[in-house]
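Colleague: Could you walk me through this one? I'd like to hear the reasoning behind the labels as we go.

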Amino acid sequence: MRGADGAGARGEAPTALLEGWLAEWYAPAYRTARLILGDGAEAEDAVQDAFLRLWRFRDAIPEGEAARAWLYRVVVNACYSRARSERRHEMSSGDESLLDGLAEQGAGPDEKVAGALSGTAVRAAIAALPEALRVPVVLRYYADLSEREIALAIHRRAGTVKSRLHEARRRLGADPTISRLLGAEEA
Amino acid sequence: MLTDDQLREAFQAAGDELALPVEGRAAALAAASGGERAAPARYDARAAHRRHLTGLSVAAVALLVVGAVTGIVLGTRSTPPPSAVGGPTALHPASGVASSGVASNGLSAGGAAVGSAPVAKVPAAGINPGGPNLGAPTPASKASGVPAKIASTGSLTLAIGRSALNRDVAALRSLAMGAGGYISSTDVSEAASTGRASLTLSVPATAFSSTISGAEHLGTVRTLVTRAEDVTGQYSGTAARLQALEAVRSQLERLLSHAAKVSDLLDVEAQIEQVQTQIDELQGEQRSLDQEVTYATLTVDLQLRTPPHHAKPSALSRAWSDAISGFTGGLKWLLSISGALLFSLLLATALGLLGRFGWRRYGPRLRRHFL
């Protein structure tokens, strides 16, 4: 995490430092949380909690590359807390993002619909995974963390992460929609 | 098995198309900045541990104190007065009315008798039919701040004179109309021996209390049961589902405007229709709840005060009745003494056997001794 990995950064004006973090990390953190939780409002709350915790305990943030894994660790913990405390509203997943995605993309109507539908299908497949598999697979393929960083983020050994990722890949591959979508893209 | 690259690409696409919340960053900034003022700058695990332990201890003590006080208060309040236990309320025929939802409590011992029937007033919990609470503006829900939605119902049974039946039915109609309500059902029977009437009054909830008071004056109250059901949760749930479905519908309509292919249009239209059906159902449910909350329902049963007149029995039927009565009386007497009779029989048998055993063993010796 830039801005949190050195004394110089910690010497900046507090608000400017926080704003810098948010500018750089809010979007990936929010989208990671959204993929894990499957709900926009819950993800927003989780990320807000995560940044609050990060900011309160910013002196504990490790320096260098480990900062990124630390950030995701805090985000994942916030997601676990949200998932434990509240049952997520199933209805809000999928459609909203599909439509928002359509609004943002610049492609033609058919491409928009096809792209949004494939995104929805992928998110639905992710949501169908159990939490123990969903978190590492999102961290691996969306947040692009290494297996070692994921192990740090979810408090598990690297071997456990490896086996969970393998099982998640197997399940996603067994999903006919995902297979068809990714197969079609490959073709 | 899918490759890492395929999955990475699919996940990135699925994640990146998610729109960010408009105020998300600003809210996070405000929350973190606000939290900073109240939070320590450096995380001290030991201090935090100590704080947690202290907090837990304080919370446990507070819970114990609150629990003890609550227990004492509730224990004091829930103890019924001795006169109400096993009193006329045990004979109350309509207790089932208040058995669901809000349970009845505070059984009052309105023990004045009408003929042979006991009188029992059974107000439901939180309801005071004659007091100011019933029909008053609903209190705000503590949790949500939303005004509480209370559906009030009541059942009143009155004993009236024979000549008053039609007059009281008309009076109840006037009462309902005067309160701004209406009669939703009427069932009047004017048979000579079993004259009775049952009317269901729907009146504005604010006039429920005054309507009960007005109806009570028409005769002698035999039973009064009132019930208030809090439907706030149900109402809020319906409203939330409705709001969510309306959002889905508007989003689908947006999607409809973007779809270019006919097949997509048809798919989206089918989904809109499905969502619209659910919206219609929920709106109907909401209207029904509104109606229940706005209008309270009071069912008034009017019963004749005088007992039914029976014809004088003939001599033959009296004789037959006496015979049956004599037979059952004899049977009852036989059954009542059967226990003692059986015991005597067993005792006599035991004594006889003992005597016989003794006579066989010592009889010859005694005979020789005395003869």
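Modeller: Sure, and keep in mind that this is a predicted model. Let's begin with helix α7 of chain B, residues 262-294.

Colleague: What makes the length of α7(B) close to the one expected at 1.5 Å a residue?

Modeller: The helix has 33 residues, and its first and last C-alpha atoms are 47 Å apart, against an expected 48 Å. The expected span is 1.5 Å times one less than the number of residues, so the two values can be set side by side, and they are close.

Colleague: Which residues of α7(B) are buried, and what do they pack against?

Modeller: The buried ones are B:Val275, B:Leu282, B:Glu292 and B:Val293. They pack against β2 (150-160) and α6 (232-258) of chain B.

Colleague: And chain B as a whole, how many helices and strands does it have?

Modeller: Chain B has 8 helices and 6 strands, in the order α-α-α-β-β-α-β-β-α-β-α-α-β-α. Of its 371 residues, 23% count as buried.

Colleague: What about chain A, how many helices and strands are there?

Modeller: Chain A comes to 10 helices and 0 strands. Of its 187 residues, 48% count as buried. For contacts between residues at least 6 apart in its sequence, 64% join residues at least 24 apart.

Colleague: How do you know that the span of α4(A) agrees with its number of residues?

Modeller: Its 20 residues should span 28 Å at 1.5 Å a residue, and the end C-alpha atoms are 29 Å apart, so the values agree. Several of its residues are buried, including A:Trp70, A:Leu71, A:Val74 and A:Cys79.

Colleague: Why is the packing of α4(A) on α8(A) called oblique?

Modeller: Helix α4 (residues 66-85) and helix α8 (residues 147-154) of chain A pack at about 40 degrees, with axes 8 Å apart. Roughly parallel would need an angle under 35 degrees, and roughly perpendicular runs from 65 to 115. The angle fits neither class, so α4(A) is oblique to α8(A). The crossing is right-handed.

Colleague: Which residues make that contact?

Modeller: From α4(A) there are A:Arg68, A:Ala69, A:Tyr72, A:Arg73 and A:Val76, and from α8(A) there are A:Glu149, A:Leu152, A:Ala153 and A:Ile154. They divide into 6 nonpolar, no polar and 3 charged.

Colleague: Why is A:Leu182 called buried?

Modeller: The cut-off for buried is 20 or more other C-beta atoms within 10 Å. A:Leu182 has 21, so it is buried. This leucine is found in helix α10 (residues 176-186) of chain A, and it touches B:Leu2, B:Gln6 and B:Ala10.

Colleague: What is it about phi that marks out A:Asp144?

Modeller: Most residues other than glycine have a negative phi. A:Asp144 is not a glycine, yet its phi is positive, about 65 degrees. It sits in the loop between α7 (131-141) and α8 of chain A.

Colleague: Why does A:Asp144 count as partly exposed, and is A:His155 buried or exposed?

Modeller: Exposed means 12 or fewer neighbours, and buried means 20 or more. A:Asp144 has 13 C-beta neighbours inside 10 Å, so it counts as partly exposed. A:His155 has 10, so it counts as exposed. The histidine lies in the loop between α8 and α9 (158-174) of chain A, and it too has a positive phi, near 60 degrees.

Notes: Residues numbered from 1 in each chain as written. Chains lettered and ligands numbered in written order. Predicted model: local features only at pLDDT ≥ 70, side-chain atom pairs only at ≥ 80, totals over all residues. Helix = DSSP H or I, 4+ residues; strand = E, 2+ residues; numbered from the N terminus. Contact = placed C-beta atoms within 7 Å. Axes fitted to C-alpha atoms, helices over the stretch in contact; angles between N-to-C directions. Parallel < 35°, antiparallel > 145°, perpendicular 65-115°, else oblique. Left-handed = near helix turned anticlockwise from the far one by under 90°. Nonpolar A, V, L, I, M, F, W, Y, C, P; charged D, E, K, R; others polar. Lists of a residue's contacts leave out its neighbours within four places in sequence.
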